[in-house]
Amino acid sequence: MNISRRKSIAHILFYGSPLASFGYGSLIEKRLVSVTKKEIPLQEAHGSLDGFRVAVMGDFHHDDFGDNDLIRRAVEKINAEGVDLVMLVGDFVSEDPRALRPLCDELQNLRPQLGTFAVHGNHDRWHVGSALGTHLTDAGIRLLSNESVEFPDVVVAGLDSIWGGHPDLPATFKNTGKDKPIIAGWHEPDTFNMYQDSRVALQVSGHTHGGQICAPVKGPILLPRYGKIYPYGHYRKNGSSLFVTRGVGTLSVPARFLCPPEIAILTLRGHGSIAS
Ligand SMILES: [Fe+2]
């Protein structure tokens with residue numbers, strides 16, 4: 001089916017039959033996993049990261065969503081890409097920490113070269129407490145809350161949720177050398193406007209679900225606090241990049257429409273190495 005035909009059908013479903021579009025969104029679209037592959041341009045000073053690959057996944061809301069099979073397929077797709085790093089951008093559950101165990105049973109199978117890292121989402125901060133760190137550690141995943149980890153070519157940093165926690169940028173970057181590029185996870189994307197640091201090559205975020213329910217042409221209908229400026233995709237500012245993923249789970253409404261679950265595979269590209 002070509003794209004314009006698909007868009008026409010989506011338009012008819014959305015505006016002509018809300019019930020049918022809810023059925024499609026709850027039974028079909030929310031069970032799809034789309035892989036978004038994107039090349040992220042680097043400023044000249046971060047050229048050492050040319051070819052570095054980051055997988056981004058988040059907003060599981062696993063107590064609401066609970067699709068272990070979808071998470072398993074997402075993990076398999078990431079492993080097949082052979083990425084350097086995985087960043088899980090928060091909101092592992094909506095409220096119930098008991099969903100962490102089945103979720104982490106799948107996430108523990110991620111196999112990136114440098115490691116899998118995670119940051120808190122606002123829901124994790126509101127409802128989970130220390131259980132998140134315990135479950136992630138057991139799964140071999142490092143939770144970064146205002147912390148950074150230094151590797152030979154890159155620093156991996158994670159900020160606490162701005163809505164539910166207490167982010168501290170100076171503490172997070174305090175041991176970071178002035179020339180080493182940083183890849184930072186921060187759940188809420190609009191934080192990208194709250195700082196400027198030339199060491200940050202890439203911030204990865206989630207939180208918005210890309211809108212979760214999108215209208216044809218118009219896009220997201222509702223966006224959350226701290227997710228209104230940068231709802232989805234790649235943005236650049238002062239030489240740093242931001243990528244916002246749609247995430248994999250659902251919240252409030254158990255459906256997605258024109259906004260399928262996503263895992264993102266980002267390849268960083270040095271100055272001038274992206275074909276135009
Ligand atoms: Fe969130």
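At what angle do α3 and α4 pack, and how far apart are their axes? In this predicted model, the two helices pack at an angle of about 25 degrees, and their axes are 9 Å apart. Angles under 35 degrees count as roughly parallel, so α3 is roughly parallel to α4. The crossing of these two helices is right-handed. On the α3 side the contact is made by Asn68, Ile71, Arg72 and Val75, and on the α4 side by Pro102, Leu103, Glu106 and Leu107. By residue class, the contact of α3 with α4 divides into five nonpolar, one polar and two charged residues.

Helix α4 (residues 100-107) also packs against helix α6 (residues 131-138), with axes that come within 9 Å and cross at roughly 30 degrees. This angle makes α4 roughly parallel to α6. α4 passes α6 in a right-handed crossing. Leu100, Arg101 and Cys104 are the α4 residues of this contact, and they meet Ala131, Leu132, His135, Leu136 and Asp138 in α6. The residues of the contact of α4 with α6 comprise five nonpolar, one polar and two charged.

The protein chain as a whole has seven helices and 14 strands. It consists of 276 residues, of which 47% count as buried. Among the contacts in the chain with a separation of 6 or more, 76% are accounted for by residues 24 or more positions apart.

One open sheet contains six strands in the order β1-β14-β2-β3-β4-β5, and its pairing is mixed. β1 (34-41) and β5 (141-143) stand at the edges of this sheet; each has a single partner strand, so one side of each is left without a neighbour in the sheet. From one strand to the next, the twist averages 25 degrees.

The mixed character of the sheet can be followed through the pairings of β14 and β2. β1 and β14 pair in the parallel sense over eight bridges, and the bridge partner of Thr36 in β14 is Ala264. Strand β14 (residues 262-269) runs antiparallel to strand β2 (residues 53-57), to which four bridges join it. In the register of β2 against β14, Val54 stands opposite Leu266, Ala55 has Ile265 as its bridge partner, and Val56 has Ala264. Ala264 is thus the bridge partner of Thr36 and also that of Val56.

Strand β2 pairs in addition with strand β3 (residues 85-88), in the parallel sense and over four bridges. Met57 has Leu88 as its bridge partner in β3. β2 is mostly covered, with four of its five residues buried.

The loop between β2 and α3 (68-81) holds Phe65. What is the environment of Phe65, buried or exposed? A residue counts as buried if 20 or more other C-beta atoms lie within 10 Å of its own; Phe65 has 23 other C-beta atoms within 10 Å and is therefore buried. Leaving aside residues up to four places away in sequence, Phe65 touches Phe60, Gly249 and Thr250. The C-alpha atoms of Phe65 and Ser94 are separated by 9.2 Å, while the two residues are 29 residues apart along the chain.

Another open sheet is formed by six strands in the order β6-β7-β8-β9-β13-β12, again with mixed pairing. Its edge strands are β6 (147-150) and β12 (233-237), each of which pairs on one side only. Neighbouring strands of this sheet are turned by 20 degrees against each other on average, with direction ignored. Within the sheet, strand β8 (residues 182-185) and strand β9 (residues 200-205) run parallel and are joined by four bridges. In this pairing Ile182 stands opposite Val200 of β9.

Definitions and conventions:
Residues numbered from 1 in each chain as written. Predicted model: local features only at pLDDT ≥ 70, side-chain atom pairs only at ≥ 80, totals over all residues. Pairing = 2+ DSSP bridges. Axes fitted to C-alpha atoms, helices over the stretch in contact; angles between N-to-C directions. Parallel < 35°, antiparallel > 145°, perpendicular 65-115°, else oblique. Left-handed = near helix turned anticlockwise from the far one by under 90°. Contact = placed C-beta atoms within 7 Å. Nonpolar A, V, L, I, M, F, W, Y, C, P; charged D, E, K, R; others polar. Buried ≥ 20, exposed ≤ 12 C-beta atoms within 10 Å, placed from the backbone.
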